[in-house]
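Trainee: Please take me closely through the strands in this model: how they are paired and what lies around them. Keep it plain, and add any backbone details worth checking.

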Amino acid sequence: MELDELVELMKVKRAKPGRSLYDHSLGVQRMAERLLRRIPHDSALDECILMHAFLHDVGKLDDRFQAKLDGRLKRAPPHAYLGLELASRFLDCDEPFRTIALLSILTHHSDFHEGLYQREIEKNEALIVDGEVISHPARTVENVKEVIFAGDLLEFVCDENTQKIPRCYVKLRNLYTLFNGVLRVADWLESAGLKPESYHLDSGRSVHSGVIGDLRKKGHELRPYQRLVIGKGGGYFRLPTGDGKTETSLLATPSDVSKVVYSLPTITTTEAMRRRFEAMFGEDMVSFSHSMLFLSLYYRGELEKRLIHKYAMKPVFVSTVDQVLLAFFNYPRFPVRELALRNAHWIIDEIHAYTPYTLSLIVNAIEHAMKYLKTRVTVMSATLPHLLAEELEKRGLKPLIPPESVEDRYRSRKRVEVKARSEPLQNAVDEIARERGRVLVVVNTVKRARELYEELRERRDDVYLFHSRFINEDKRRKMRQVEEIERGILVATQVVEVSLDIDYNVMYTEAAPIDALVQRFGRVNRRGLRHGKTYIFEPDGKNAHLPYDKDAFNASLNLLGELEGIESELDLLRINDRFYEALWSKYEEKLNGRPPLFKLGDVTRFRLADERLSTRDGFITLPAVPRPFLDRAIELAVGWPEMSQEERLNAAVYVIKHTVNVPVWVLKENLHYNEDLYSVFGVYGIELDYDPETGLREE
């Protein structure tokens, strides 16, 4: 078959009802061409990338696919498999690009793994057009898989400038994510009737104008350090809470970048930032993602937009940092996640908020993105320790704002007076109960939070509880409650530390690592309009340090006395620097470990990747349905195959609403494993009771 014969055939066959295969394929090719204009790459690859984009769906020529479009068949063999051999006839590319292009076509709907299309290979499924077999793709598919797994393409990318084999793997993987990322995004945009302008920024200057317009609407003008950074990203900087870190980082966006990717530590902070960005830039400009995206979009009535949000299909993308890091773990659809970083401005907020291991993942991802994806990276924090700043400089980031130029802003602020007390917090229950106004009580474990809440409820009615062990439906209710408290006592765990815009008169807190305490201080007298007080207590018992690293906890205890004498927030920064100095060897061990980037043939299922991305503490958490909701969840999983689309949606919503994230050790001790529940919804059962006011009962 010649190319003109293929084209004529594509014109009479359909890609979808009412759309010819030729029109769709040509549309994807043109979309890919326009996307490539904004992505740094070797232009010598254009012809191969664009041709593979045109050929990606030729498997839809098959009679069974056409019958499926007509409703005459329920299923057809996968078209990505069926069309591979036919596509290979028209891909006139040098190696390794030809094989990479074929792999990209093969995986434009399914991620690559050893068993991919094994059933079709064993059945020797053929491409059948108008009743005639025109292609046997099995051998071509097998060859591509064998070449990738054997590493046979390395010889084409390893040269005298690439001395180490791991770098060869990186170059090969980078080629694949370029081909496949462009193909998938072009395919989605074309199928949805969208334009490439809806994916990329027209210019970084549109970000600047959005920020400046938003500030002026609120009656603010640019501060000198904000004018200084316009268009200068990436780099790093430190600014006090309330001094416009977010706006400053956005203003640093270079004018020639294609996208803004903004990363935060938690779901709650991501949701809050998403609302800010939608007000600043308009909803059409903003996509967002986190592990509870399904439920968030369900409540917004926008479930049909899951792909658009999850894979950063709009010019400004805000997400939890794990959603970006997953790209480097070959997580499902990782080329699409990685494409969003190409020529992007990646802003990482609250970089201090991670354990040494996760911080090492972030720092190494920064270095990789800058080197291979041409990403500009800006990192910021109100409490950025100087040792971490030095590490960032080693990786190529420079200070955007001279540290000495903002010292006066820290020196002029003292929002809390600190008192350290060498006794457990439980001893102060009566004292807390007598407090007036808005009172925040922060403890380090869910168990102690629940116990303290129950004791205080015996003395007052206006006591509230917030921690991480609530099912998702109740967590949303609790979050609204926390934001709306006008007076009373909030008992909480570390969930209130980062980026929540809450403001209390007084805080009683258990001792914790200094950087965590500084974050907690930010929840008291946040506006600096009154005299805020904080009392720090020492937990007792053999495992008093949990859930924190024991050395970090003890280093913090040694510095508590110095917190009592602080004259300003500049003193807090200096104490925080000393805390990091005491622990830096642990950070260096992880930072220098440099976990290798996954190879092209490696596949990460969600459990492995999630285990590597514990962020706020040392405990890995997994999703589980508590006992009161478990029987119903299993019933829905068992009935899944017979459900209609609407019934499946309702079932998924029920299970997600009634899921709670629990530490692995809690799950192992109380596990109720059900194969149907896990295979359908990806969650476990847990044999623990549940109360909507106090959460999971872990006695």
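Mentor: Two strands are said to pair here if DSSP finds at least two bridges between them. Keep in mind throughout that this is a predicted model.

Start with the sheet towards the end of the numbering given here. Its 4 strands run in the order β18-β17-β20-β19, the sheet is open, and the pairing is mixed. β18 (660–663) and β19 (671–672) are the edge strands; each has a single partner strand, so one side of each has no neighbour in the sheet. The partner of β19 is β20 (residues 684–686), and these two pair in the antiparallel sense over 2 bridges. One residue pair to look for is L671 with its bridge partner I686 in β20. Helix α31 (residues 627–638) lies across β17 (621–626), β19 and β20, and runs at about 85° to β17.

The edge strand β18 also has a visitor from elsewhere in the chain. R469 sits in the loop between β13 (463–466) and α25 (472–484). Leaving aside neighbours within four places in sequence, R469 is in contact with V660, N661, V662 and P663, and β18 spans 660–663. Its other contacts on that basis are V446, Y690, G695, L696 and E698. Is this arginine buried or exposed? R469 has a relative accessible area of 11%; the cut-off for buried is under 20%, so this residue counts as buried.

Now turn to the strands that pair in the parallel sense. Strand β6 (residues 259–264) pairs with β8 (residues 316–320) over 5 bridges, in the parallel sense. In that pairing V260 stands opposite V316. β6 also pairs with β9 (residues 344–348), again in the parallel sense and over 5 bridges. Two positions mark this pairing: K259 stands opposite A344, and S263 stands opposite I348.

In a regular strand the side chains alternate between the two faces of the sheet. For β6, K259, V261 and S263 point one way while V260, Y262 and L264 point the other. Every one of them is buried, which gives 6 of 6 residues for this strand. β9 can be read in the same manner. A344, W346 and I348 are on one side, H345 and I347 are on the other, and both faces are covered. The count for β9 is 5 buried residues of 5.

β9 has a further partner in β10 (residues 376–381), with 4 bridges in the parallel sense. There, W346 has V377 as its bridge partner. Between these two strands the chain passes through helix α20 (residues 356–372), and the resulting β-α-β crossover is right-handed.

The loop from β9 to α20 holds a backbone detail, at E350. Its phi is near 55°, a positive value in a residue other than glycine. At 6% relative accessibility, E350 counts as buried. R333 is another non-glycine residue with positive phi, here near 60°. R333 belongs to the loop between α18 (321–325) and α19 (334–339). With a relative accessible area of 26%, R333 is partly exposed. A glycine can be added to the list: G396, just after helix α21 (residues 386–394), has a positive phi of about 110°. Within α21 itself, the buried residues are L387, L388, A389, E391 and L392.

Two cis peptide bonds also deserve a look. The bond from E95 to P96 is cis, with omega near 10°, and P96 is in the loop between α6 (84–88) and α7. Helix α7 (residues 97–106) is mostly covered, with 8 of its 10 residues buried; the buried ones include I100, L103 and L106. The bond from L546 to P547 is cis too, with omega near 10°. P547 lies in the loop between β16 (532–537) and α27 (550–557).

Finally, a helix pair away from the strands. The axes of α1 (residues 3–12) and α2 (residues 21–36) come within 5 Å and cross at roughly 110°, and the two helices are therefore roughly perpendicular. V7, M10 and K11 of α1 meet L21, Y22 and S25 of α2. By type, this contact has 4 nonpolar residues, 1 polar and 1 charged.

Technical notes
Residues are numbered from 1 along each chain as its sequence is written. This is a predicted model: local features need pLDDT of at least 70, side-chain atom pairs count only at pLDDT 80 or more; totals for chains, interfaces and linings use all residues. Side-chain values use heavy atoms; hydrogens and water are left out. Axes are lines fitted to C-alpha atoms, for helices over the stretch in contact, and angles run from 0 to 180 degrees between N-to-C directions. Angles under 35 degrees count as roughly parallel, over 145 as roughly antiparallel, 65 to 115 as roughly perpendicular and the rest as oblique. Contact means heavy atoms within 4.5 Å. Ala, Val, Leu, Ile, Met, Phe, Trp, Tyr, Cys and Pro count as nonpolar, Asp, Glu, Lys and Arg as charged, and the others, Gly among them, as polar. Buried means under 20% relative accessible area, exposed over 50%, partly exposed in between (1.4 Å probe, protein chains only). A crossover is right-handed if, with the strands pointing away from the viewer, the path from the first strand over the helix to the second runs clockwise.
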